[in-house]
Amino acid sequence: MFSLNGKTALVTGGTRGIGRAIVLELAAAGADVAFTYARSAEAAEEIKKQVEAIGQKALAYQADAADAARADEVITDIVKEWAHLDILVNNAGITKDTLIMRMSESQWDDVITTNLKSVFNYSKSSVRPFMKARAGSIINISSVVGLSGNAGQTNYAASKAGIIGFSKSLAKELASRNIRVNTIAPGYITTEMTGQLSDKVMDAIKASIPMGKAGDVKDIAAGVIFLASDASRYITGETIRIDGGMAM
Ligand code: NAP
(Lines give C-alpha, C1' and ligand atoms only; values in the text may rest on other atoms or scores of the structure.)
Protein backbone atom coordinates (compact mmCIF):
# COMPACT_ATOMS: atom_id res chain seq x y z
CA MET A 1 0.00 0.00 0.00
CA PHE A 2 2.93 2.35 0.66
CA SER A 3 4.83 1.25 -2.47
CA LEU A 4 5.68 3.93 -5.04
CA ASN A 5 6.93 1.47 -7.67
CA GLY A 6 6.58 2.91 -11.18
CA LYS A 7 5.90 6.44 -9.91
CA THR A 8 7.94 9.58 -10.52
CA ALA A 9 8.32 12.46 -8.09
CA LEU A 10 9.65 16.01 -8.02
CA VAL A 11 10.93 17.57 -4.78
CA THR A 12 11.84 21.26 -4.60
CA GLY A 13 14.88 22.01 -2.42
CA GLY A 14 16.17 18.43 -2.34
CA THR A 15 19.81 18.99 -1.43
CA ARG A 16 19.66 19.49 2.33
CA GLY A 17 17.67 18.77 5.47
CA ILE A 18 14.07 17.66 5.09
CA GLY A 19 14.10 17.77 1.25
CA ARG A 20 17.12 15.49 1.03
CA ALA A 21 15.46 12.94 3.35
CA ILE A 22 12.27 13.11 1.26
CA VAL A 23 14.24 12.45 -1.97
CA LEU A 24 15.98 9.41 -0.49
CA GLU A 25 12.84 7.94 1.14
CA LEU A 26 10.80 8.39 -2.08
CA ALA A 27 13.53 6.46 -3.91
CA ALA A 28 13.59 3.78 -1.18
CA ALA A 29 9.80 3.41 -1.66
CA GLY A 30 10.37 2.74 -5.39
CA ALA A 31 9.94 6.13 -7.11
CA ASP A 32 12.24 7.76 -9.65
CA VAL A 33 13.03 11.16 -8.16
CA ALA A 34 13.80 14.58 -9.65
CA PHE A 35 14.75 17.44 -7.36
CA THR A 36 15.71 21.10 -7.51
CA TYR A 37 18.19 23.17 -5.53
CA ALA A 38 19.39 26.78 -5.38
CA ARG A 39 23.19 26.64 -4.88
CA SER A 40 24.36 23.19 -3.70
CA ALA A 41 25.55 21.70 -7.02
CA GLU A 42 28.04 19.34 -5.35
CA ALA A 43 25.46 18.02 -2.88
CA ALA A 44 23.03 17.57 -5.80
CA GLU A 45 25.50 15.30 -7.63
CA GLU A 46 26.04 13.27 -4.43
CA ILE A 47 22.29 12.81 -3.82
CA LYS A 48 21.76 11.82 -7.46
CA LYS A 49 24.33 9.05 -6.96
CA GLN A 50 22.62 7.95 -3.72
CA VAL A 51 19.25 7.65 -5.49
CA GLU A 52 20.88 5.64 -8.30
CA ALA A 53 22.59 3.39 -5.71
CA ILE A 54 19.10 2.62 -4.33
CA GLY A 55 18.22 1.45 -7.87
CA GLN A 56 16.05 4.39 -9.02
CA LYS A 57 16.54 7.11 -11.64
CA ALA A 58 17.40 10.67 -10.57
CA LEU A 59 17.33 14.12 -12.18
CA ALA A 60 18.74 17.27 -10.54
CA TYR A 61 17.95 20.84 -11.59
CA GLN A 62 19.41 24.12 -10.42
CA ALA A 63 16.25 26.24 -10.24
CA ASP A 64 15.30 29.20 -8.07
CA ALA A 65 11.92 28.10 -6.69
CA ALA A 66 10.61 31.66 -7.06
CA ASP A 67 11.14 31.59 -10.86
CA ALA A 68 7.87 30.55 -12.56
CA ALA A 69 9.34 30.13 -16.06
CA ARG A 70 12.09 27.86 -14.69
CA ALA A 71 9.47 25.76 -12.84
CA ASP A 72 7.71 25.18 -16.14
CA GLU A 73 11.00 24.22 -17.83
CA VAL A 74 11.84 21.73 -15.06
CA ILE A 75 8.44 20.01 -15.22
CA THR A 76 8.42 19.94 -19.04
CA ASP A 77 11.85 18.30 -18.97
CA ILE A 78 10.83 15.65 -16.40
CA VAL A 79 7.78 14.71 -18.50
CA LYS A 80 10.02 14.58 -21.62
CA GLU A 81 12.53 12.31 -19.80
CA TRP A 82 10.16 10.04 -17.87
CA ALA A 83 6.83 10.48 -19.78
CA HIS A 84 4.84 11.19 -16.58
CA LEU A 85 4.93 12.97 -13.25
CA ASP A 86 2.94 11.52 -10.34
CA ILE A 87 4.07 13.27 -7.14
CA LEU A 88 5.07 16.89 -6.40
CA VAL A 89 6.59 17.86 -3.05
CA ASN A 90 6.88 21.62 -2.55
CA ASN A 91 9.59 21.72 0.11
CA ALA A 92 12.00 24.58 -0.74
CA GLY A 93 11.95 27.24 1.95
CA ILE A 94 13.97 29.88 3.75
CA THR A 95 13.75 32.03 6.89
CA LYS A 96 14.71 35.68 7.33
CA ASP A 97 13.63 36.23 10.91
CA THR A 98 13.38 39.56 12.68
CA LEU A 99 10.82 41.66 14.54
CA ILE A 100 8.50 43.65 12.26
CA MET A 101 10.00 47.03 13.25
CA ARG A 102 13.32 45.84 11.80
CA MET A 103 12.00 43.76 8.89
CA SER A 104 12.96 45.17 5.50
CA GLU A 105 10.74 44.96 2.43
CA SER A 106 13.25 42.59 0.82
CA GLN A 107 13.20 40.27 3.89
CA TRP A 108 9.43 40.11 3.54
CA ASP A 109 9.46 39.66 -0.27
CA ASP A 110 12.24 37.03 -0.32
CA VAL A 111 10.48 34.77 2.17
CA ILE A 112 7.05 35.15 0.55
CA THR A 113 8.32 34.49 -2.98
CA THR A 114 10.65 31.60 -2.06
CA ASN A 115 8.20 29.86 0.28
CA LEU A 116 4.75 30.69 -1.15
CA LYS A 117 5.02 31.84 -4.77
CA SER A 118 7.17 28.74 -5.39
CA VAL A 119 4.23 26.54 -4.36
CA PHE A 120 2.02 28.31 -6.93
CA ASN A 121 4.76 28.00 -9.60
CA TYR A 122 5.35 24.26 -9.28
CA SER A 123 1.71 23.34 -8.58
CA LYS A 124 0.48 25.27 -11.62
CA SER A 125 3.03 23.68 -13.94
CA SER A 126 2.32 20.17 -12.58
CA VAL A 127 -1.42 20.34 -13.05
CA ARG A 128 -1.19 19.75 -16.82
CA PRO A 129 0.56 16.33 -16.56
CA PHE A 130 -1.59 15.39 -13.55
CA MET A 131 -4.81 16.25 -15.45
CA LYS A 132 -3.65 14.18 -18.40
CA ALA A 133 -2.98 11.20 -16.14
CA ARG A 134 -6.18 11.85 -14.13
CA ALA A 135 -4.08 11.29 -11.03
CA GLY A 136 -1.52 13.09 -8.91
CA SER A 137 -0.46 13.93 -5.39
CA ILE A 138 0.78 17.36 -4.35
CA ILE A 139 2.35 17.58 -0.88
CA ASN A 140 3.21 21.03 0.44
CA ILE A 141 5.60 21.54 3.35
CA SER A 142 4.22 24.25 5.62
CA SER A 143 5.12 24.65 9.32
CA VAL A 144 3.42 24.70 12.72
CA VAL A 145 4.39 28.40 12.67
CA GLY A 146 1.74 28.81 9.94
CA LEU A 147 -0.84 27.47 12.43
CA SER A 148 0.27 29.10 15.69
CA GLY A 149 2.39 32.10 14.63
CA ASN A 150 5.77 32.99 16.14
CA ALA A 151 7.23 36.34 17.21
CA GLY A 152 10.02 37.37 14.83
CA GLN A 153 8.61 35.30 11.96
CA THR A 154 5.73 37.37 10.50
CA ASN A 155 7.07 36.83 6.96
CA TYR A 156 7.65 33.08 7.45
CA ALA A 157 4.32 32.52 9.27
CA ALA A 158 2.42 34.38 6.52
CA SER A 159 4.08 32.25 3.83
CA LYS A 160 3.36 29.00 5.70
CA ALA A 161 -0.26 29.92 6.56
CA GLY A 162 -0.67 30.93 2.90
CA ILE A 163 0.42 27.44 1.85
CA ILE A 164 -2.37 25.90 3.95
CA GLY A 165 -5.09 28.09 2.38
CA PHE A 166 -3.63 27.54 -1.09
CA SER A 167 -3.61 23.76 -0.59
CA LYS A 168 -7.22 23.57 0.57
CA SER A 169 -8.38 25.71 -2.38
CA LEU A 170 -6.42 23.69 -4.92
CA ALA A 171 -7.64 20.44 -3.33
CA LYS A 172 -11.23 21.61 -4.00
CA GLU A 173 -10.37 22.58 -7.60
CA LEU A 174 -8.73 19.27 -8.43
CA ALA A 175 -10.48 16.61 -6.32
CA SER A 176 -12.86 15.52 -9.12
CA ARG A 177 -9.82 14.80 -11.32
CA ASN A 178 -8.33 12.42 -8.71
CA ILE A 179 -5.54 14.91 -7.94
CA ARG A 180 -4.98 15.24 -4.19
CA VAL A 181 -3.38 18.23 -2.43
CA ASN A 182 -2.25 17.93 1.18
CA THR A 183 0.00 19.80 3.59
CA ILE A 184 2.50 18.70 6.20
CA ALA A 185 3.20 21.10 9.06
CA PRO A 186 6.51 20.09 10.65
CA GLY A 187 7.34 21.20 14.15
CA TYR A 188 10.92 21.56 15.30
CA ILE A 189 13.09 19.31 13.12
CA THR A 190 16.88 19.18 13.40
CA THR A 191 18.36 20.61 10.13
CA GLU A 192 20.70 23.40 9.04
CA MET A 193 17.70 25.78 9.17
CA THR A 194 17.14 25.14 12.88
CA GLY A 195 20.90 24.75 13.53
CA GLN A 196 21.17 28.56 13.33
CA LEU A 197 19.28 28.86 16.65
CA SER A 198 21.14 29.41 19.96
CA ASP A 199 21.23 26.66 22.64
CA LYS A 200 19.00 28.83 24.84
CA VAL A 201 16.32 29.14 22.12
CA MET A 202 16.61 25.42 21.32
CA ASP A 203 16.11 24.46 24.99
CA ALA A 204 13.03 26.70 25.19
CA ILE A 205 11.59 25.11 22.03
CA LYS A 206 12.23 21.58 23.31
CA ALA A 207 10.49 22.46 26.59
CA SER A 208 7.39 23.41 24.53
CA ILE A 209 7.21 20.01 22.80
CA PRO A 210 5.02 17.48 24.69
CA MET A 211 7.20 14.61 23.39
CA GLY A 212 10.23 16.51 24.78
CA LYS A 213 12.54 16.25 21.80
CA ALA A 214 13.17 17.58 18.28
CA GLY A 215 11.95 15.56 15.30
CA ASP A 216 14.14 13.89 12.70
CA VAL A 217 14.01 14.61 8.95
CA LYS A 218 12.85 11.00 8.46
CA ASP A 219 9.71 11.75 10.50
CA ILE A 220 8.67 14.28 7.82
CA ALA A 221 9.69 11.99 4.94
CA ALA A 222 7.47 9.24 6.42
CA GLY A 223 4.46 11.57 6.22
CA VAL A 224 5.32 12.40 2.61
CA ILE A 225 5.48 8.70 1.66
CA PHE A 226 2.03 8.17 3.22
CA LEU A 227 0.50 11.15 1.37
CA ALA A 228 2.20 10.17 -1.91
CA SER A 229 1.01 6.56 -1.77
CA ASP A 230 -2.35 4.83 -2.28
CA ALA A 231 -2.55 4.42 1.51
CA SER A 232 -3.90 8.00 1.60
CA ARG A 233 -6.02 7.77 -1.58
CA TYR A 234 -9.16 9.20 0.14
CA ILE A 235 -7.35 12.10 1.85
CA THR A 236 -7.24 15.57 0.28
CA GLY A 237 -7.15 19.13 1.63
CA GLU A 238 -5.70 17.85 4.91
CA THR A 239 -2.94 19.41 7.04
CA ILE A 240 -0.96 16.88 9.05
CA ARG A 241 1.14 18.18 11.93
CA ILE A 242 4.34 16.19 12.51
CA ASP A 243 5.53 17.98 15.62
CA GLY A 244 5.66 15.76 18.72
CA GLY A 245 2.44 17.49 19.85
CA MET A 246 3.97 21.01 19.73
CA ALA A 247 0.99 22.81 18.13
CA MET A 248 -1.97 20.77 19.38
P1 NAP B 1 17.30 23.62 4.80
O2 NAP B 1 18.07 22.57 5.54
O3 NAP B 1 17.73 25.03 4.94
O4 NAP B 1 17.22 23.21 3.25
C5 NAP B 1 16.53 24.04 2.34
C6 NAP B 1 16.50 23.41 0.97
O7 NAP B 1 15.77 24.31 0.12
C8 NAP B 1 17.87 23.25 0.34
O9 NAP B 1 17.89 22.12 -0.48
C10 NAP B 1 18.02 24.54 -0.50
O11 NAP B 1 18.88 24.39 -1.65
C12 NAP B 1 16.60 24.71 -0.97
N13 NAP B 1 16.32 26.10 -1.33
C14 NAP B 1 16.47 27.22 -0.56
N15 NAP B 1 16.13 28.31 -1.27
C16 NAP B 1 15.78 27.87 -2.51
C17 NAP B 1 15.35 28.51 -3.71
N18 NAP B 1 15.20 29.84 -3.78
N19 NAP B 1 15.10 27.74 -4.79
C20 NAP B 1 15.25 26.40 -4.75
N21 NAP B 1 15.64 25.72 -3.65
C22 NAP B 1 15.91 26.46 -2.55
O23 NAP B 1 15.76 23.61 5.25
P24 NAP B 1 14.88 22.48 6.00
O25 NAP B 1 14.99 22.72 7.46
O26 NAP B 1 15.18 21.13 5.46
O27 NAP B 1 13.41 22.95 5.57
C28 NAP B 1 12.75 22.38 4.46
C29 NAP B 1 11.30 22.86 4.46
O30 NAP B 1 10.67 22.48 5.69
C31 NAP B 1 11.16 24.38 4.38
O32 NAP B 1 10.04 24.72 3.59
C33 NAP B 1 10.94 24.78 5.83
O34 NAP B 1 10.25 26.00 5.94
C35 NAP B 1 10.12 23.61 6.33
N36 NAP B 1 10.15 23.45 7.77
C37 NAP B 1 11.31 23.14 8.43
C38 NAP B 1 11.28 22.99 9.81
C39 NAP B 1 12.50 22.61 10.59
O40 NAP B 1 12.40 22.52 11.83
N41 NAP B 1 13.65 22.36 9.96
C42 NAP B 1 10.10 23.17 10.51
C43 NAP B 1 8.95 23.51 9.82
C44 NAP B 1 8.98 23.63 8.44
P45 NAP B 1 20.46 24.75 -1.57
O46 NAP B 1 21.10 23.59 -0.79
O47 NAP B 1 20.93 24.79 -2.97
O48 NAP B 1 20.57 26.05 -0.84
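Biologist: Why is Asp 243 called buried?

Modeller: Its relative accessible area is 9%, and buried means under 20%, exposed means over 50% and partly exposed is in between, with a 1.4 Å probe and protein chains only. So 9% puts Asp 243 in the buried class. This is a predicted model, where local features need pLDDT of at least 70 and side-chain atom pairs count only at pLDDT 80 or more, while totals for chains, interfaces and linings use all residues. Residues are numbered from 1 along each chain as its sequence is written, and side-chain values use heavy atoms, leaving out hydrogens and water.

Biologist: Where is Asp 243 found, and what does it touch?

Modeller: Asp 243 sits in the segment after strand 7 (239-242); helices (H or I, at least four residues) and strands (E, at least two) are DSSP runs, numbered from the N terminus. Skipping residues up to four places away in sequence, Asp 243 touches Val 144, Gly 187, Ile 209 and Met 248, where contact means heavy atoms within 4.5 Å.

Biologist: What makes the Asp 243 and Arg 241 pair a salt bridge?

Modeller: The rule asks for a side-chain nitrogen of Lys or Arg within 4 Å of a carboxyl oxygen of Asp or Glu. The closest N and O atoms of Asp 243 and Arg 241 are 2.8 Å apart, so the pair qualifies. Arg 241 itself is partly exposed, at 33% relative accessible area.

Biologist: How many salt bridges does that rule give?

Modeller: Seven. One of them joins Asp 77 and Lys 80, with the closest N and O atoms 3.9 Å apart, so this pair passes the 4 Å limit too. Both residues lie in helix 3 (residues 68-82), three residues apart, or about one turn of the helix. Asp 77 is partly exposed at 24%, whereas Lys 80 counts as exposed because its value is 66%.

Biologist: What makes Lys 96 and Asp 110 a pair that links distant parts of the chain?

Modeller: Their side chains meet in a salt bridge at 2.8 Å, N to O. Lys 96 is in the loop between strand 4 (87-90) and helix 4 (105-133), while Asp 110 is in helix 4, 14 residues apart. Lys 96 has a relative accessible area of 31% and Asp 110 has 28%, so both land in the partly exposed class.

Biologist: How do you know that Phe 2 and Phe 226 form a tilted pair?

Modeller: A search of the whole structure finds one aromatic pair. Phe 2 and Phe 226 are 6.3 Å centre to centre, with 40° between the planes. Rings of Phe, Tyr and Trp (its six-membered ring) pair if their centres lie within 6.5 Å; planes under 30 degrees apart are stacked, over 60 edge-to-face and the rest tilted. So this one is a pair, and a tilted one. Phe 2 is in the segment before strand 1 (8-11) and Phe 226 is in helix 9 (residues 217-228), with their positions 224 residues apart.

Biologist: Are those two rings buried or exposed?

Modeller: Neither word fits, because Phe 2 is at 46% and Phe 226 at 24%; both count as partly exposed.

Biologist: Which residues touch the most other members of the largest nonpolar core?

Modeller: Ile 22, Leu 26, Val 89 and Ile 139, out of 33 residues. A nonpolar core is a set of buried Ala, Val, Leu, Ile, Met, Phe, Trp, Tyr and Cys residues joined through side-chain atoms within 4.5 Å. Elements giving two or more residues to this core include strand 1, helix 1 (17-28), strand 5 (136-141) and helix 9. Apart from it lies another core, of 23 residues, among them Tyr 61 and Phe 130.

Biologist: What makes Tyr 156 a polar contact of the ligand?

Modeller: An N or O atom in the Tyr 156 side chain is 2.6 Å from a ligand oxygen atom. A polar contact is a pair of N or O atoms within 3.5 Å; within protein, one must be able to donate a hydrogen and the other to accept it, and residues adjacent in sequence count only if both atoms are side-chain atoms. So Tyr 156 passes at 2.6 Å. Thr 191 has a polar side-chain atom 2.6 Å from an oxygen atom of the ligand, and for Arg 39 a polar backbone atom is 2.6 Å from a ligand oxygen.
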